[in-house]
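Would you like to get to know a new structure by working through it one exercise at a time? Take a look at the sequence and the model, then try each task before reading its solution.

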Amino acid sequence: RTLSLRIGGEKVLREIVIGVFQALTEASETKVLFRRFRVEVLRERIIAYLRGEWGGAAYYGPDLWVGHAHIGITNPQFDAMIKQYSVMFDKLRLPKQER
C-alpha cells in the first residue's frame, strides 16, 4: 500500500496541505511569502506534488528547486513550514511511522 493510502488517501492529503497553508498565510514570519501569489494555485500544486511523491498519480509540474529558488525562503521560514506539517500530522493523529 502506498503512503497516500496508509494515511487516509486524498481527503487526508488535502486536509494536511490546506491546514499547513492556512497556518503559513497567517503566521507573521511566513505570510510575506504568499502576498504575490494565488494561494489556491500554490496549494493545488503542492497537493499534486505530494500525491505523486506519496504513491498517487505522477507529478509533472515544475521542479521544486526551480519553482522556489526565486522566492528567497529563509531557513526560519522553511523550519516554520516543516513545523506546520508536524502540527497537522499530530492534529490528524497520523502514525509516527508514516511521518
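Below are some exercises with worked solutions on this predicted model.

**Exercise 1. A salt bridge across the chain**

Task: Find out which parts of the chain are tied together by the salt bridge of Arg6 and Glu98.

Solution:
- Step 1. Start with the general idea: side chains of opposite charge can pair when their charged atoms come close.
- Step 2. Check the distance. The side chains of Arg6 and Glu98 meet at 3.0 Å, N to O, and the cut-off for a salt bridge is 4 Å.
- Step 3. Place the partners. Arg6 belongs to helix α1 (residues 3-7), while Glu98 is in the segment after α5, so the bridge ties together parts that are 92 residues apart in sequence.
- Step 4. Look at how well each partner is covered. Arg6 has a relative accessible area of 37% and is partly exposed. Glu98, at 15%, counts as buried, because buried means under 20%.

**Exercise 2. A salt bridge within one helix**

Task: Work out how Lys11 and Glu15 are placed in helix α2.

Solution:
- Step 1. Recall the geometry: an α-helix has 3.6 residues a turn, so residues three or four places apart point the same way.
- Step 2. Apply this here. Lys11 and Glu15 are four residues apart in helix α2 (residues 10-26), which means that about one helical turn separates them.
- Step 3. Add the distance. Their side chains form a salt bridge at 3.6 Å, N to O.
- Step 4. Compare the surroundings. Lys11 is exposed, with 63% relative accessible area, and Glu15 is partly exposed, with 31%.

**Exercise 3. From a pair to a network**

Task: Starting from the salt bridge of Glu44 and Arg14, find which residues are joined into one network by salt bridges that share partners.

Solution:
- Step 1. Begin with the pair. The side chains of Glu44 and Arg14 meet in a salt bridge of 2.6 Å, N to O.
- Step 2. Locate both ends. Helix α3 (residues 39-53) holds Glu44 and helix α2 holds Arg14, so this pair ties together parts that are 30 residues apart in sequence.
- Step 3. Follow the shared partners. Glu10, Arg14, Glu44 and Arg51 are joined into one network in this way.
- Step 4. Consider exposure. Glu44 counts as partly exposed at 33% relative accessibility, and Arg14 is partly exposed too, at 27%.
- Step 5. Finish with the total: the count of salt bridges comes to six.

**Exercise 4. Helix α5 and its buried residues**

Task: Describe the span of α5 and say which helices its buried residues pack against.

Solution:
- Step 1. Take the span. α5 has 17 residues and reaches 24 Å from its first C-alpha to its last, close to the 24 Å expected at 1.5 Å a residue.
- Step 2. List the buried residues of α5: Gln77, Ala80, Gln84, Tyr85, Met88 and Phe89.
- Step 3. Find their neighbours. These buried residues pack against α2 and α3.
- Step 4. Turn to a residue of α5 that has some exposure. Ile82 lies in helix α5 and is partly exposed at 42% relative accessibility. Together with Ile73 and Phe78, Ile82 makes a nonpolar surface patch of about 260 Å².
- Step 5. Look just past the helix, where Arg93 takes a positive phi of about 55°.

**Exercise 5. Aromatic pairs**

Task: Classify the ring pair of Tyr49 and Tyr59 and that of Tyr85 and Phe89.

Solution:
- Step 1. Know what to look for: a pair of aromatic rings is described by the distance of the centres and the angle of the planes.
- Step 2. Count the pairs. The whole structure has three aromatic pairs.
- Step 3. Take Tyr49 and Tyr59. Their centres are 5.3 Å apart with 90° between the planes, an edge-to-face pair.
- Step 4. Place these rings. Tyr49 is in helix α3 and Tyr59 in the loop between α3 and α4, so the pair ties together parts that are 10 residues apart in sequence.
- Step 5. Note their exposure. Tyr49 is partly exposed at 21% relative accessible area, and Tyr59 is partly exposed at 24%.
- Step 6. Take Tyr85 and Phe89. Their ring centres lie 6.2 Å apart and the planes are at 55°, so this pair is tilted.
- Step 7. Place this second pair. Tyr85 and Phe89 are four residues apart in helix α5, about one turn, and both are buried.

Note on methods. Residues are numbered from 1 along each chain as its sequence is written. This is a predicted model: local features need pLDDT of at least 70, side-chain atom pairs count only at pLDDT 80 or more; totals for chains, interfaces and linings use all residues. Side-chain values use heavy atoms; hydrogens and water are left out. Helices (H or I, at least four residues) and strands (E, at least two) are DSSP runs, numbered from the N terminus. Buried means under 20% relative accessible area, exposed over 50%, partly exposed in between (1.4 Å probe, protein chains only). The expected span of a helix is 1.5 Å times one less than its number of residues. Contact means heavy atoms within 4.5 Å. Patches are made of residues with over 30% relative accessible area and no salt bridge: like charges are joined within 9 Å, nonpolar side chains (Val, Leu, Ile, Met, Phe, Trp, Tyr) within 5 Å. Accessible areas come from the Shrake-Rupley method with a 1.4 Å probe; for residues, only the protein chains shown count as cover. Rings of Phe, Tyr and Trp (its six-membered ring) pair if their centres lie within 6.5 Å; planes under 30 degrees apart count as stacked, over 60 as edge-to-face and the rest as tilted.
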